[in-house]
Amino acid sequence: MLGLLRDVRGEMIGHDVELLKEHFLAEQEKNESFYFKMEVDSERRMGNVFWSDARSRRAYVFFGDVVVFDMTFSTNNHRMVFVPLLGINNHLHTVLFRHAFLTSETTDSFVWVLEEFKKAMSGEPPKMIITD
């Protein structure tokens, strides 16, 4: 994706945060069904972020009964955890509903991303969530 510059504490800083936000806004301009949410602190460091495109949101309508919340991916260089939220379609193929980067693997982060997931998916929670 974008070359992400980080400061010595591993936090995404100002310019890169703005580039990512501009990218997401451009995607949203192309398709109003593109959904994203970014947390940025007062020092313009990025916190949790997630996004979902129109195709993924449509797929959730058909295949969102069970969602796999996969925390096994880690971007160690940036000290953020990559979290894909997945499902299975009627052909037993993986469907990607949403992506997220989390600053930590805490209960607060998990609640945040799942609440935003629900907002992005028109308020409809899955019937079951599977996680590691």
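This is a short walk through a few neighbouring parts of the structure above, which is a predicted model.

Let's begin with helix α2, which runs over residues 54-63. Its buried residues are Ala 54, Ser 56, Ala 59 and Tyr 60. In an α-helix there are 3.6 residues a turn, so residues three or four places apart point the same way. What lies over the buried residues of α2? The cover includes three strands, β2 (46-52), β3 (66-69) and β6 (94-102), along with the helix α3 (107-120).

Now step back to Asp 53, which sits in the loop between β2 and α2. Is Asp 53 buried or partly exposed? Asp 53 counts as partly exposed because its relative accessibility is 32%, and partly exposed residues fall between the 20% and 50% limits. Setting aside neighbours within four places in sequence, Asp 53 is in contact with Ser 33 and Phe 34. You can also look from Asp 53 across to Arg 98: the two are 45 residues apart in sequence, yet their C-alpha atoms are 7.6 Å apart in space.

Another stop is Ser 52, a residue of strand β2. Ser 52 has a relative accessible area of 0%, so it is buried. Which residues does Ser 52 touch, if those up to four places away in sequence are not counted? They are Ser 33, Phe 34, Tyr 35, Arg 57, Phe 97, Arg 98 and Met 121. With Phe 97 there is a polar contact to look for: a polar atom of the Ser 52 side chain lies 2.5 Å from the backbone oxygen of Phe 97.

From here, move over to strand β6, where you will find His 99. His 99 has a relative accessible area of 15% and is therefore buried, since the limit for buried is under 20%. Not counting residues up to four places away in sequence, His 99 touches Val 49, Phe 50, Trp 51, Phe 82 and Val 83.

Our last stop is on the surface. Val 66, Met 128 and Ile 130 make a nonpolar patch there of about 240 Å². One of these residues, Met 128, belongs to strand β7, which covers residues 128-131. Met 128 counts as partly exposed because its relative accessibility is 46%.

To retrace the route, you have gone from the buried residues of α2 to Asp 53 in the loop between β2 and α2, then through the buried Ser 52 and His 99, and out to the nonpolar surface patch that includes Met 128.

Definitions and conventions
Residues are numbered from 1 along each chain as its sequence is written. This is a predicted model: local features need pLDDT of at least 70, side-chain atom pairs count only at pLDDT 80 or more; totals for chains, interfaces and linings use all residues. Side-chain values use heavy atoms; hydrogens and water are left out. Buried means under 20% relative accessible area, exposed over 50%, partly exposed in between (1.4 Å probe, protein chains only). Helices (H or I, at least four residues) and strands (E, at least two) are DSSP runs, numbered from the N terminus. Contact means heavy atoms within 4.5 Å. A polar contact is a pair of N or O atoms within 3.5 Å; within protein, one must be able to donate a hydrogen and the other to accept it, and residues adjacent in sequence count only if both atoms are side-chain atoms. Patches are made of residues with over 30% relative accessible area and no salt bridge: like charges are joined within 9 Å, nonpolar side chains (Val, Leu, Ile, Met, Phe, Trp, Tyr) within 5 Å. Accessible areas come from the Shrake-Rupley method with a 1.4 Å probe; for residues, only the protein chains shown count as cover. A salt bridge is a side-chain nitrogen of Lys or Arg within 4 Å of a carboxyl oxygen of Asp or Glu.
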